[in-house]
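Student: Hey, got a minute to walk me through a model? Let's start with the aromatic rings and see where we end up.

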Amino acid sequence: MQEKPVIVFISAVYPSQYSLLCSHLRAQGMADSWFMTMPGHVERHAATVDHLIAFRPDGDIMGPQSYYYSSKVERSARLCKGMLQALLAFEKEKGKRIDLVVAHSLWASPNWLYDELDAAIASYIEFPSYLAHGWDEAYPPDMSQRLADRNTEMLHYHQVLCSDLTIVPSAHARSMFPPLLQERIAVQFEGFDIQPPLQNNAAAAQEGKRFTIAFSARDLSSAKGFETYIRLVDRMVREGDGENTRFIAIGDAKAVTYGYEQQWVQRRYQNKVASFQEHLLKVYPAAQVVEFPGHLPYAEFSRMLADVDLFLYPLRYGVANWGLMEILARGGCVLGSNWGFVPELVQHDVNGLLLPDNDDAWIHAIRQLRADPARRERYARAAIETGKRFHISNVAPRFMELFHLAMAQRRARVRQR
């Protein structure tokens, strides 16, 4: 291995998981790190990022593949064929041997890289399958979707077996894998570079400012707890808690989700209702008071977060959430679910509150915290400290430990042959 390990991160999506980590390792001299992605991304970011390299999939990966049930496996094969060619060309062109490839499980599936390269292989997998991840029983998948998901699961299990190391973002994610595979999986949440809060939460008592209760997620889906938020708002308004209160749901109502509610809405209303959001407002009409700013540019999103007094995070299914870390690092006061991965980031009565799946408990906690600004401020200060722990400068050394472990395990496996 060279003095500084040569590490190539790969994903067809950019920016994506580990793009910040890749840049940080390079800037700090911790690794000779590169990010391999699609040619369009390389061209788009060439003026600001000097360590991007391109790979071209072996065929179209955007549309339907030749067979629905194995489409993700086929798409992964097309990606991996292009990746392998580009990685071999990189070594020849740069005159460097790659020490480690860090590949996204679906957007850069490494299944054809094993033993075709001398490099160690680390896989990043969020969760093994939608079956293991879970979905709302009120909005179930079709049988065809369940069957296709089995092939995705096989793809991920194979990666765990063959990779020198697999990394998942939370202990909850690791628990979804069979016990026999879990010892091959390391847990490490990403690192971030989130700016300090735009304002002090203690400055809440501005004259005429309404108390703001928000929900924030990339997608307004059942899995993220959007339905729970709408149901709680509906009840609060009907019970008189809506006076001098602003309700905001930040997120994209039409974004791709981890659930199947959108297809349920299309079938239920025969395409006469555009989104799950519209459906919920029919069911919970008092929640019409909620503001929906939609998908926002990052600067505008950050400013909006600063105006929120209380964030509801009633997650139903999920293995990690970058939006939750954004809220915590900016000093948001969070009420979160006491299940799934949330307790790995939110400590009960330290940097937020953890609550059961019970509407009475949520309403009671909201009322208590609304009346207790000092407690909200205490949670906010602790939340900022949580964000600091996950700053990229603190997390990068841990990733390097994992990467060195993967490289050592690769060398040990080669010696055993």
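Tutor: Sure. Keep in mind that this is a predicted model. A search of the whole structure turns up 25 aromatic pairs.

Student: OK, give me one. How do Phe9 and Tyr18 sit relative to each other?

Tutor: Phe9 and Tyr18 are edge-to-face, with 6.1 Å centre to centre and 65° between the planes.

Student: Why quote both a distance and an angle?

Tutor: Because a pair of aromatic rings is described by the distance of the centres and the angle of the planes.

Student: And is Phe9 buried or exposed? What about Tyr18?

Tutor: Phe9 has 1% relative accessibility, so it counts as buried. Tyr18 is at 5%, so it counts as buried too.

Student: Got another pair? Say, Tyr68 and Tyr69: what's the geometry there?

Tutor: Tyr68 and Tyr69 are edge-to-face, at 5.3 Å centre to centre and with 85° between the planes. Tyr68 is partly exposed, with a relative accessible area of 44%, and Tyr69 is partly exposed at 29%.

Student: Back to Phe9. Which residues share a ring cluster with Phe9?

Tutor: Ring pairs link Phe9 with Tyr14, Tyr18, Phe35, Tyr124, Phe399 and Phe403.

Student: Tyr14, huh. What kind of peptide bond joins Tyr14 and Pro15?

Tutor: A cis one, with omega at about -10°. Pro15 is in the loop between strand S1 (6-10) and helix H1 (19-27).

Student: Any charges parked over rings? Where does Arg26 lie, for instance?

Tutor: Arg26 lies over the face of Trp34, 4.5 Å from the ring centre. There's also Arg268, whose charged end sits over the ring of Tyr269, 4.7 Å from the centre of that ring.

Student: While we're in that stretch, what's up with the phi of Gln270?

Tutor: Gln270 has a positive phi, about 50°, although it isn't a glycine. Asn271 also has a positive phi, about 65°, and isn't a glycine either.

Student: Why would anyone flag that?

Tutor: Because most residues other than glycine have a negative phi.

Student: Fair. Where is Gln270 found, and is Gln270 buried or exposed?

Tutor: Gln270 is in the loop between helix H9 (261-269) and helix H10 (276-283), and its relative accessible area is 60%, so it is exposed. Asn271 is in the loop between H9 and H10, and with 60% relative accessibility it counts as exposed.

Student: New topic: sheets. What's the strand order in the open sheet of five strands?

Tutor: The order is S9-S8-S10-S11-S12, with parallel pairing. S9 and strand S12 (353-355) are the edge strands, each pairing on one side only. From one strand to the next, the twist averages 25°.

Student: How many bridges join S10 to S11?

Tutor: Three, and those two strands run parallel. One detail there: Phe311 has Val334 in S11 as its bridge partner.

Student: Which strands of the sheet does helix H8 touch?

Tutor: H8 (residues 226-238) packs on the sheet and touches S8, S9 and S10. The direction of H8 makes about 165° with that of S9.

Student: Last one. Which residues of helix H11 are buried?

Tutor: In H11 (residues 298-306), the buried ones are Phe301, Ser302, Met304, Leu305 and Ala306.

Student: And what covers the buried residues of H11?

Tutor: The cover includes strand S8 (211-219), strand S9 (245-252), strand S10 (310-313) and helix H12 (322-329).

Definitions and conventions:
Residues are numbered from 1 along each chain as its sequence is written. This is a predicted model: local features need pLDDT of at least 70, side-chain atom pairs count only at pLDDT 80 or more; totals for chains, interfaces and linings use all residues. Side-chain values use heavy atoms; hydrogens and water are left out. Buried means under 20% relative accessible area, exposed over 50%, partly exposed in between (1.4 Å probe, protein chains only). Helices (H or I, at least four residues) and strands (E, at least two) are DSSP runs, numbered from the N terminus. Contact means heavy atoms within 4.5 Å. Rings of Phe, Tyr and Trp (its six-membered ring) pair if their centres lie within 6.5 Å; planes under 30 degrees apart count as stacked, over 60 as edge-to-face and the rest as tilted. A charge sits over a ring if NZ of Lys or CZ of Arg is within 6 Å of the ring centre and within 35 degrees of the ring normal. Two strands pair if DSSP finds at least two bridges between them. Axes are lines fitted to C-alpha atoms, for helices over the stretch in contact, and angles run from 0 to 180 degrees between N-to-C directions.
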